[in-house]
Structures are given as structure tokens and as C-alpha cells.
Amino acid sequence: MKEVAGKTAFITGGASGLGLAMARSFTGAGMKVAIADIDDDALKAAADEFAESNADVITIKLDVTDRDALEDAARQTEEAFDKVHLVCNNAGVAISANVRDHSYADWDWVMGVNLDGVINGVQVFTPRLLSHGEGGHIVNTASMAGHVATQGMSIYNTTKYAVVGLSESILQDLAHFDIGVSVLCPGFVATGIYTSERNRPTTFGGSEISAFDPVKDEYRPDEEKQLLQRSLDAMLDPAMIGDMVLHAVQNDEFYIFSHPEFKEGVQERARTISNAFDRWAAYRANYDS
Ligand SMILES: NC(=O)c1ccc[n+]([C@@H]2O[C@H](COP(=O)([O-])OP(=O)(O)OC[C@H]3O[C@@H](n4cnc5c(N)ncnc54)[C@H](O)[C@@H]3O)[C@@H](O)[C@H]2O)c1
């Protein structure tokens, strides 16, 4: 979608962190933006910020796990801006703990927001992007955790691998209809994700349960903890990610890899898989049936 000025973006989890950075980059490029988020205070702050800069922005209270509410949010956006061209399925929460300590409430909360939220966004908006014939783009926020699994991250890894898989598939489906797809895969960025429990509904345990502290993990080797801590101390500014997403939309870039320091980990995983293929090929070659 080379030309973005005058077009409309819908961003879930848009009231803080990466989503807010996207809203700033998109409005800076002349786009109209609908910011949808579950957090009232963050929505109010975002509405105030964009009112001050006279940007074409509406804010909508939304829980991405609520399909009817998402449908309604899409309708509200079309009422305000006529059509939607760019959808950023970005709302997400993080949790870390050894898998033996996870409850169903942990799984249901994080799977609901990070995976069902993206699925719901794809379901609600794909027909809308197709309906107006002006082309469009979907950006799904995954993570480096969608390419490399680490201990203590089973739930988050599950959701983010799924978002990468979903995105890789719909990239091919929607290419026939002039709809681009990108998958955003950042490493550590300075946002509110590390206090995700602030938006954890009481039905899933409430905000008292601390969600994310991988450095605390008693089973993580000290060397890895130090590495993690160094990464956490040197987190990227979300503003750069907002601009990267805009660039990806305008240049039809599928993978958005903002953190080159994770490349080696992805290659290591590919090598491990490749070696396993070779061992199983040898097994087959020697198999006497
Ligand atoms: N910050 C990082 O280091 C990092 C790295 C990789 C991926 N990500 C991903 O980036 C995305 C954005 O997170 P962030 O880092 O900006 O964190 P953030 O906490 O600053 O922003 C997430 C936003 O999602 C909203 N949200 C939470 N639950 C919601 C729900 N049920 N419905 C609607 N909105 C909801 C929150 O209110 C918040 O405004 C997430 O998908 C996250 O997994 C973040």
C-alpha cells in the first residue's frame, strides 16, 4: 500500500506501547486512525494527545476477545472514516513462569488476547478490506518469541508461533486480492508489556497476579539471566517500531525483524531442525521393512 495518506488504519492495543507508536507514525503520514483498546486511562491519554495535534483519530473501548464488540468497533470506524485499509492486530499481553506453575486461567487469558484477538481481527476485517476494492494491508504483531522458544515462556511462545503461522498462510491467501500482510516480530521494546497484568480481567485471575519476569525464573541459568537483563536494560524505543511498521506497509515487507541480535538464535533453531531432518533421513535409509 504505497499511498497511505488519507487512508484509514485500525489498531488494536493502540492506546499504549507499540500500537500507540504505530498511531503516531500513521497519523504523521496523513492517515486517519482508529485506536481500539481495553484500557480506559490509556485511551483517554491517547485521545487527548491526538486532539492536541489535530490528527484524525477516534478512540474505541474494546476487548479483542469480544467478537461482537470488535464487529461494532469496525462499524464505528467506518461510520467515522468510511473505509478501513490497514488493520493492525496488535493487542497483546505477556506472562512468564515454568509450565508446571501455569493455571488454565493463565492459558485462557493470554491465548484469548494474543491469538483469538488476532484471529478475530482477521475475521472481522478481511471481508471489509476486500469490499472496497482499494487494496489494503494487515499487520499482525507477533514477536521474536514467535520464532525462538525459551524456557518460562510456554504460553507466550504458543500464541506468537501461532500468529506467525497464521500470518504466513494469509499472506498467500490474500496476495490474490491486493491485500498485503506483515508480521511484526520485535525483541525487547520499552512498553507496558512487562506489566500486562494491569489489564488482566478478574475472570482470569485479576491484576494482582504478576505476569512477566523472566529474569526471576529459578531454573534459568545465571548466564542467560544476565543476557536477558542486558537486553531488558537496552530496550528499543517504540517510536522506531511504529516507523518500521509504516515502512513495511508502504513497501510490502512481510517479516518485520527490528532486532538483528536475535538472528543467530533463529539460525540456530533452523540448524537444529536441519540436523534432525538429516538424522531421520539416515534412519529411513537404513530402515529394513
Ligand atoms: N514490548 C515488547 O518488548 C514486545 C516484544 C515483542 C512483541 N510485543 C508485542 O507487541 C504487542 C503490543 O504490546 P506492547 O509491547 O506495546 O505492550 P503494551 O502493554 O504497552 O500495549 C499493549 C496494549 O494492549 C492493550 N490490551 C491488553 N489486553 C487487551 C484486550 N483484551 N483487548 C484490547 N486491548 C488490550 C493494553 O491496554 C495496551 O494498551 C503485543 O502483542 C506484544 O506481545 C511486544
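This note goes through the domains, the ligand shell and three helix contacts of the structure.

1. The model is a predicted one, in which local features need pLDDT of at least 70 and side-chain atom pairs count only at pLDDT 80 or more, while totals for chains, interfaces and linings use all residues. Residues are numbered from 1 along each chain as its sequence is written.

2. The domain assignment, which is automatic or comes from a database, splits the protein chain into domain 1 (8-258) and domain 2 (263-289). The C-alpha centres of domain 1 and domain 2 are 34 Å apart.

3. Around the ligand there are 32 residues, of which Gly13, Gly17, Gly92, Thr191 and Gly192 come nearest; a residue is near if its C-beta atom, placed from the backbone, lies within 6 Å. By class, this shell holds 14 nonpolar, 15 polar and three charged residues, where Ala, Val, Leu, Ile, Met, Phe, Trp, Tyr, Cys and Pro count as nonpolar, Asp, Glu, Lys and Arg as charged, and the others, Gly among them, as polar. Helices α1 and α4 (104-131) each supply at least two residues of the shell, and α1 gives the most, with three residues; helices are DSSP runs (H or I, at least four residues) numbered from the N terminus.

4. Helix α1 (residues 17-28) and helix α7 (residues 238-251) have axes that come within 7 Å and cross at roughly 55 degrees, which makes α1 oblique to α7. Axes are lines fitted to C-alpha atoms over the stretch in contact, with angles running from 0 to 180 degrees between N-to-C directions; angles under 35 degrees count as roughly parallel, over 145 as roughly antiparallel, 65 to 115 as roughly perpendicular and the rest as oblique. Residues in contact (C-beta atoms, placed from the backbone, within 7 Å) include Gly17 and Leu18 in α1 and Pro238 and Ala239 in α7. The residues of this contact comprise nine nonpolar, three polar and two charged.

5. Helix α3 (residues 67-81) packs against α4 at an angle of about 35 degrees, with the axes 10 Å apart. On the α3 side the contact is made by Arg67, Leu70, Glu71 and Ala74, and on the α4 side by Asn120, Gly121, Val124, Phe125 and Arg128; four of these residues are nonpolar, two polar and three charged.

6. Helix α4 also packs with helix α5 (residues 154-175), at an angle of about 15 degrees and with the axes 9 Å apart, so α4 is roughly parallel to α5. The residues making this contact include Trp107 and Met111 of α4 and Ile155 and Tyr156 of α5, and by class there are twelve nonpolar, two polar and two charged residues.

How values were computed
Contact = placed C-beta atoms within 7 Å.
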